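Me: I am new to this structure and should like to be guided through it. Please take up its fold, its strands, its core and one of its helices in turn.

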Amino acid sequence: MGAPNEGILSEEPLYDPKILERLDFNKVRSKFNPPVSAVRPGEGLRVRPLRRADFHRGFLQLLSQLTAVGDVSEEQFLKRFDAMQSCPNTYYVTVIEDTTNGQVIGSSTLVIEQKFIHGCAVRGRLEDVVVNNTYRGKQLGKLIIMTVTLLAEELNCYKMTLDCKDNLIPLYSSLGYFLEKGNSNYMQIRFDKAPS
């Protein structure tokens, strides 16, 4: 039998969910048809912060539709959750839950970078956008992207950046993102230190 607070702690959100209630979807350049928002995402859906219990709601399986996740144990997941939570105002992993089956079916991450430039401003970075294959074509990708974009604006980011594949440029362009001339190449260096 678990500790008395175990169930409550497992439902603890990564960040304050009330922030999502303040997002103004009237600012969205590309309108939703039918209209949806973070507080009204559609029947049987809920947009909310990542929770500790999402390990059991298919969160990592969802991410595996985006990229390699590896064999992450519940202990590893909880340690990473705690590490993110211990950095206030930095990590905003936001999910869409299908409340009819209790599964996480969409996710996106806002990472806030503290800067010295622009008067010690903050910059947002959009990462790990994914919608479950069986739920695609229902505006959920657009919804999770705009939720996190509006969240960055609400948190006073001076800009939001992302890297995307060429075939996704039209989607992001329709949502107000643009390629910056002279700075539109994505380059990286990888270090083969990922655990096996």
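Reply: What follows is a set of questions and answers on this predicted model.

Me: How many helices and how many strands does the protein chain have, and in what pattern do they follow one another?

Reply: The protein chain holds seven helices and five strands. Read along the sequence, their pattern is α-α-β-α-α-β-β-α-β-α-β-α.

Me: What share of the contacts with a separation of 6 or more joins residues 24 or more positions apart?

Reply: Contact here means heavy atoms within 4.5 Å. Among contacts with a separation of 6 or more in the protein chain, the share held by residues 24 or more positions apart is 68%.

Me: In which sense do strand 2 and strand 3 pair, and which residue of their hairpin takes a positive phi?

Reply: Strand 2 (residues 91-98) and strand 3 (residues 103-114) are joined by eight bridges in the antiparallel sense. Within this pairing, Ile 96 stands opposite Gly 106 of strand 3. The hairpin has four residues between the strands, and the residue with a positive phi, near 70°, is Gly 102.

Me: Which residue of strand 4 is the bridge partner of Leu 110?

Reply: Strand 3 also runs antiparallel to strand 4 (residues 122-131), with eight bridges between them. In strand 4, the partner of Leu 110 is Leu 126.

Me: Which element gives the most residues to the largest nonpolar core?

Reply: This core has 49 residues, of which Phe 25, Phe 59 and Leu 110 touch the most other members. Elements that each supply at least two residues include helix 3 (59-63), helix 4 (74-85), strand 3 and helix 6 (140-154). The greatest contribution, nine residues, comes from helix 6.

Me: With which residues beyond its neighbours within four places in sequence is Leu 110 in contact?

Reply: Leu 110 is one of the residues that touch the most other members of the core. Setting aside neighbours within four places, its contacts include Tyr 92, Val 148, Leu 151 and Met 160.

Me: Why may the buried residues of helix 4 be said to line one face?

Reply: The buried residues in helix 4 are Phe 77, Phe 81 and Met 84. Seen down the helix axis, the buried residues lie within an arc of 65°, and therefore they line one face. On the other side, Glu 75 and Lys 79 are exposed. The cover over the buried residues of helix 4 includes helix 3 and strand 2.

Me: What distance separates the end C-alpha atoms of helix 4?

Reply: Helix 4 has twelve residues, so at 1.5 Å a residue its expected span is 16 Å. In agreement with this, the distance between its end C-alpha atoms is 16 Å.

Methods: Residues numbered from 1 in each chain as written. Predicted model: local features only at pLDDT ≥ 70, side-chain atom pairs only at ≥ 80, totals over all residues. Heavy atoms only, no water. Pairing = 2+ DSSP bridges. Core = buried A, V, L, I, M, F, W, Y, C linked by side-chain atoms within 4.5 Å. Buried < 20%, exposed > 50% of the residue type's maximum accessible area, 1.4 Å probe, protein only. Expected span 1.5 Å × (residues − 1). Arc of directions from axis to C-beta.
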